[in-house]
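Subject: Structure handover

Hello,

Here is the structure for you to look at. My notes on what turned up follow below it.

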Amino acid sequence: MLFGLGYLEKKRLCNAMFALLMIVFLYSRLYVYPLYIIYGSIFDIREHYEAVTRDPIYIAAQYIIVGLLLVLLALNAMWGYFIGKTLYNSLRYKQELNDARSDDEHVD
């Protein structure tokens with residue numbers, strides 16, 4: 001349960017906090033991150049640094065960094081999908097949100 005609220009028997013508050021987590025996650029990771037961080041690292045950097053447009057090492061480094069930022073965006077989208085799927089299932093089926101990870105320390 002989110003933030004330990006499941007142990008306090010606060011199911012409604014726990015679900016509300018999970019919905020708030022989803023809203024903040026989707027806004028910050030799937031709207032602000034691509035719009036400002038990735039866009040700025042692709043287009044705005046050449047306006048501020050003239051060395052980037054001339055030196056091939058800086059150009060290669062920029063492509064590597066932008067590639068890694070895009071991989072991080074794909075991971076954020078995947079996590080957003082899983083968070084949304086969990087919230088959808090909890091609202092549609094009115095089921096309790098349980099932790100899918102195992103509590104058992106024995107690994108086969």
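A definition to start with: two rings of Phe, Tyr or Trp (its six-membered ring for Trp) count as a pair if their centres lie within 6.5 Å. Planes under 30 degrees apart make the pair stacked, planes over 60 make it edge-to-face, and the rest are tilted. Please keep in mind that this is a predicted model.

**Aromatic pairs**

Searching the whole structure gives four aromatic pairs. One of them joins Tyr39 and Phe43. Their ring centres are 4.9 Å apart, and the planes meet at 45°, so the pair is tilted. Why are Tyr39 and Phe43 separated by about one helical turn? Because they are four residues apart in helix H1. Tyr39 is partly exposed, at 45% relative accessible area. Phe43 is also partly exposed, at 48%. Elsewhere, ring pairs link Trp79, Tyr81 and Phe82 into a cluster.

**Overall fold**

The protein chain has three helices and zero strands. In sequence order the pattern reads α-α-α. The chain holds 108 residues, and 20% of them count as buried. About 8,800 Å² is exposed, with 64% of that area coming from carbon and sulfur atoms. Take the contacts with a separation of 6 or more: residues 24 or more positions apart account for 57% of them.

**Core**

Which residues make up the largest nonpolar core? There are five: Phe18, Met22, Phe25, Ile83 and Leu87. Helix H1 (11–48) and helix H3 (56–92) each supply at least two of these residues. H1 gives the most, with three.

Phe25, one of the core residues, has several contacts beyond four places in sequence. Phe25 touches Leu30, Asn76, Trp79, Gly80 and Ile83. Two names recur there. Ile83 is a fellow member of the core, and Trp79 belongs to the ring cluster.

**Ser41**

Ser41 sits in helix H1. Is Ser41 buried or exposed? Its relative accessibility is 15%, and the cut-off for buried is under 20%, so Ser41 counts as buried. The Ser41 side chain reaches the backbone oxygen of Ile38 at 2.9 Å. Setting aside neighbours within four places in sequence, Ser41 is in contact with Gln62, Val66 and Leu69.

Over to you.

Best wishes

How values were computed: Residues are numbered from 1 along each chain as its sequence is written. This is a predicted model: local features need pLDDT of at least 70, side-chain atom pairs count only at pLDDT 80 or more; totals for chains, interfaces and linings use all residues. Side-chain values use heavy atoms; hydrogens and water are left out. Helices (H or I, at least four residues) and strands (E, at least two) are DSSP runs, numbered from the N terminus. Buried means under 20% relative accessible area, exposed over 50%, partly exposed in between (1.4 Å probe, protein chains only). Contact means heavy atoms within 4.5 Å. Accessible areas come from the Shrake-Rupley method with a 1.4 Å probe; for residues, only the protein chains shown count as cover. A nonpolar core is a set of buried Ala, Val, Leu, Ile, Met, Phe, Trp, Tyr and Cys residues joined through side-chain atoms within 4.5 Å. A polar contact is a pair of N or O atoms within 3.5 Å; within protein, one must be able to donate a hydrogen and the other to accept it, and residues adjacent in sequence count only if both atoms are side-chain atoms.
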